[in-house]
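Biologist: I'd like to learn how to read a protein model from the inside out. Can we pick one residue and work outwards?

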Amino acid sequence: MGAAKVSNSSSEDQNVSNYNETDVILNVYDLTPLNNYSYWVGFGIFHSGIEVHGKEYGFGAHDFPVSGVFEVEPKSCPGFIYRSSILLGRINMPYSEFREFIENVASEYHGDTYHLISKNCNHFTDDMAQRLIGRHIPGWVNRMARLGSLCSCLLPESLQVTKVKELPEYHEIEDGTESLSTATPGDSTEIDDTDQEKHLLSPKDGNSDIAFIKEAQS
């Protein structure tokens, strides 16, 4: 009888462990169809998101000193062309623990700190990969930013600082915690319409597929 109890306990522990385990996947998107040609020689302009526990997390710009980390369905980030997925590794971390982790990370990635060359979406996913599994994302994903940093003083301002034309708004999500959604400010004067060419991530009006993560309170 005692042996049977130990066996059942081991089985339950294994089930819990399996439930907490999750793949860490890098989802890569094209920012331009020209990548179809430049990709094969090691160049391209890419967006990337990190997929954990069935959700994809990315970093985008807006004009406010709050979280720029957002959540979308995997492989479906609005405004980009999905290219490929790369399995980076596997972790054993309960979803609740990961949620706390991503909220802490969000406090370090405010939307108004986004910079195309020095702090972009690929810097974010590389940082996430290092923290979660101790390895970098493939170098080709962010190669253009690294090359650009060598001569960023020569880049036009519209490329050096890229903004998203969206206002973050908190809303309730399924697990009862708060996150941020995006709302395109049709009448707002907070962001000048003449700056539209600066926007990197521009979901369609009314798109609710993106939810910004609420950062952890210090």
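Modeller: Sure, and keep in mind that this model is predicted. Let's start with F98: setting aside neighbours within four places in sequence, F98 is in contact with V52, H53, Y57, M93, M128 and L132.

Biologist: Which core residues have the most contacts inside the largest nonpolar core?

Modeller: The general idea comes first. In soluble globular proteins, nonpolar side chains tend to be buried together. Here, the largest nonpolar core has 27 residues, and F98 is among those with the most contacts inside it, along with I50, I102, F124, M128 and L132.

Biologist: Which elements give two or more residues to this core?

Modeller: On the strand side, they are β1 (21–30), β2 (46–52), β3 (55–59) and β5 (81–92). The helices are α3 (95–106) and α4 (121–133). The largest share, five residues, comes from α3. Apart from this core lies another, of seven residues, including Y29, C77, F80 and F212.

Biologist: How do I read the whole chain, then?

Modeller: List its elements in order. This chain has six helices and eight strands, and along the sequence they run α-β-α-β-β-β-β-α-α-α-α-β-β-β.

Biologist: And what share of contacts joins residues at least 24 apart?

Modeller: Take the contacts between residues at least 6 apart in sequence: 71% of them join residues at least 24 apart.

Biologist: What about inside versus outside?

Modeller: Of the chain's 218 residues, 42% are buried. The chain exposes about 11,500 Å², with carbon and sulfur atoms supplying 52% of that area.

How values were computed: Residues are numbered from 1 along each chain as its sequence is written. This is a predicted model: local features need pLDDT of at least 70, side-chain atom pairs count only at pLDDT 80 or more; totals for chains, interfaces and linings use all residues. Side-chain values use heavy atoms; hydrogens and water are left out. Helices (H or I, at least four residues) and strands (E, at least two) are DSSP runs, numbered from the N terminus. Buried means under 20% relative accessible area, exposed over 50%, partly exposed in between (1.4 Å probe, protein chains only). Contact means heavy atoms within 4.5 Å. Accessible areas come from the Shrake-Rupley method with a 1.4 Å probe; for residues, only the protein chains shown count as cover. A nonpolar core is a set of buried Ala, Val, Leu, Ile, Met, Phe, Trp, Tyr and Cys residues joined through side-chain atoms within 4.5 Å.
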